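Trainee: Could you walk me through this structure and show me how each term is earned?
Mentor: Gladly, let us look at it together.

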Amino acid sequence: MTPVPSARDLLLARVAAHPSPTRQRGRLVALGLLALSVGVAVGILWLMGGPAGEAARPRRLTWLVSGVWGLFAAALSGLVFTRKGSVMGRPPSLLLLAAFATPLVLLAWLHSVQGSYPEPYARVGWRCLSMTLGMAALPLGSFLLLRRGIEPRGPWALGAAVGATCGAWANLLVDVWCPLSDTAHVLVGHVLPVVVLVLAGSLLGRRLLGVRPLPPPAR
Amino acid sequence: MARASDSAWRTALSAAMDRHADGDAAAFAEVYDALAPRLKGYFGRRGLDASGVDDLVQQTLLQMHCARQSFVRGADVVPWAFAIARRLHVDGYRRGHFERLEPAGALGESALDARPSAEAPPDEVASAQELAQLAEAELGRLPPLQREAWRLVREDGLSVEQAAAVLGTTATAVKLRAHRAYSAMRAALGLLRSSSSKGDSP
């Protein structure tokens with residue numbers, strides 16, 4: 001008579017039959033996708049004509065606007081992606097606060113440089129909006145794919161925070177390109193896409209990132 | 001002494017999960033052996049039947065295997081495992097995969113676990129049963145956040161910090177919730193004692 005396998009044996013057999021990426025492999029894939037995302041974002045900037053010219057906005061101001069925003073984006077990334085020795089990272093409430101503060105900080109920062117130089121022209125901001133969304137889509141999608149179904153706590157908060165972080169980095173490049181700081185333009189072209197990314201990240205994160213029961217093994 | 005052995009147990013578990021995250025398939029057996037009994041207790045205390053408990057323990061450990069790439073070197077495995085367990089449990093109820101059973105008998109692994117010894121006189125057994133039933137009922141009446149904090153800290157044996165990591169909140173909030181739950185239960189049990197002592201008096 002064949003002995004009945006124990007729950008332990010069944011699980012270990014299932015683990016052996018169900019390969020999952022190791023830490024090294026996960027890191028390699030993440031770095032590859034990050035490099036691809038940066039390449040695509042820089043490619044979009046290049047296709048749109050590169051950094052704003054001196055005639056449109058003083059070059060020093062362009063680098064100041066982008067540099068300070070880059071520091072904010074780096075700090076936000078540190079908050080969202082570093083895990084401080086815990087598998088689950090920061091509490092969902094903190095991630096959510098960071099996600100919803102990002103568009104407000106962006107609005108305040110770009111508003112603070114308004115009037116410090118003559119605006120070269122007026123635009124609604126549809127191109128800035130499209131560029132931001134285009135640049136942020138790949139890193140956000142990559143994150144959702146890489147961490148699909150493995151977040152046990154606040155997947156929607158993590159999704160929102162990652163959406164905000166991708167939007168912040170995309171804005172860094174868009175700020176290099178766009179010489180406008182008019183409030184109406186900033187709201188449509190720069191802040192709105194970050195809000196869209198936060199909401200999209202939250203909805204998709206809730207659907208994709210959260211832990212879900214796995215299907216029973218095929219018999 | 002218990003604290004030192006618990007710390008050694010946690011370090012060994014973390015090291016085993018580290019090896020598994022690095023690709024050592026055999027190390028997962030150690031993770032299973034260390035966590036399965038605690039996870040069984042976790043699900044059992046939440047009113048699941050034996051098959052539901054086994055299914056969720058398997059699911060929790062399988063999820064940990066699937067998510068091994070996200071394991072941070074040297075991190076504490078217990079809060080992560082319990083957070084996955086909690087998510088699967090909550091999700092299962094929402095989807096109606098299993099129904100809640102009444103806690104198995106008053107002397108099961110209940111809120112106070114006031115199990116008298118086998119040689120205890122019948123009146124002591126009855127009193128302990130009554131106390132445990134009351135504690136369980138009182139626990140059921142508590143707000144979910146307080147109940148969960150109490151259960152994680154008092155029944156599942158997690159530290160306040162670990163419970164805070166499972167619930168995604170601060171250690172202070174967990175302490176507060178557990179203390180409020182404790183006060184509510186103490187008040188309820190105190191009422192029982194005072195009413196029974198009044199009943200005893202001539």
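**Empty space, contacts and bridges**

Mentor: Searching the whole structure turns up one cavity of 30 Å³ or more. This is a predicted model, in which local features need pLDDT of at least 70 and side-chain atom pairs count only at pLDDT 80 or more, while totals for chains, interfaces and linings use all residues. Residues are numbered from 1 along each chain as its sequence is written, chains are lettered from A and ligands numbered from 1 in the order in which they are written, and side-chain values use heavy atoms, with hydrogens and water left out.

Trainee: Why is the space of about 90 Å³ called a cavity?
Mentor: On a 1 Å grid over the protein atoms alone, a cavity is a set of points where a 1.4 Å probe fits but cannot get out. Grid points are joined across faces, edges and corners, and the volume is the space filled by probe spheres set on the points. The largest cavity, at about 90 Å³, is therefore a space that the probe fits but cannot leave.

Trainee: What makes a residue part of its lining?
Mentor: A lining residue has an atom within 4 Å of a point. Among those around the largest cavity are Val80(A), Met88(A), Arg90(A) and Leu158(A). The lining has five nonpolar, three polar and four charged residues, where Ala, Val, Leu, Ile, Met, Phe, Trp, Tyr, Cys and Pro count as nonpolar, Asp, Glu, Lys and Arg as charged, and the others, Gly among them, as polar.

Trainee: How do you know that Arg83(A) and Glu151(A) form a salt bridge?
Mentor: A salt bridge needs a side-chain nitrogen of Lys or Arg within 4 Å of a carboxyl oxygen of Asp or Glu. Here the closest N and O atoms are 3.4 Å apart, so the pair qualifies. The two residues sit 68 residues apart, Arg83(A) in the loop between helix 3 and helix 4 (92–112) of chain A and Glu151(A) in the loop between helix 5 and helix 6. Both residues also line the largest cavity.

Trainee: What makes a stretch of chain A a helix?
Mentor: Helices are DSSP runs (H or I, at least four residues), numbered from the N terminus. Chain A has seven helices and zero strands.

Trainee: Why is the space of about 1,000 Å³ called a pocket?
Mentor: A pocket is an open set of points with protein on both sides within 12 Å along at least five of seven lines. The largest pocket is lined by 33 residues, and the closest to its centre are Ala30(A), Leu34(A), Phe81(A), Phe143(A) and Leu146(A). Helix 2 of chain A gives the most to this lining, with 11 residues. By class, the lining has 21 nonpolar, seven polar and five charged residues.

Trainee: How do you know that chain A and chain B are in contact?
Mentor: Contact means heavy atoms within 4.5 Å, and 31 residues of chain A meet this with 38 residues of chain B. The two chains bury about 3,300 Å² between them, 60% of it on carbon and sulfur atoms; this is the accessible area (1.4 Å probe) that two parts lose on being put together, summed over both. Leu11(A), Arg23(A) and Val87(A) supply 23% of the area that chain A buries there, more than any other three residues.

Trainee: What makes Asp22(B) and Arg23(A) a salt bridge?
Mentor: Their side chains meet at 3.0 Å, N to O, which is within the limit, so the name fits. The count between chain A and chain B is three salt bridges.
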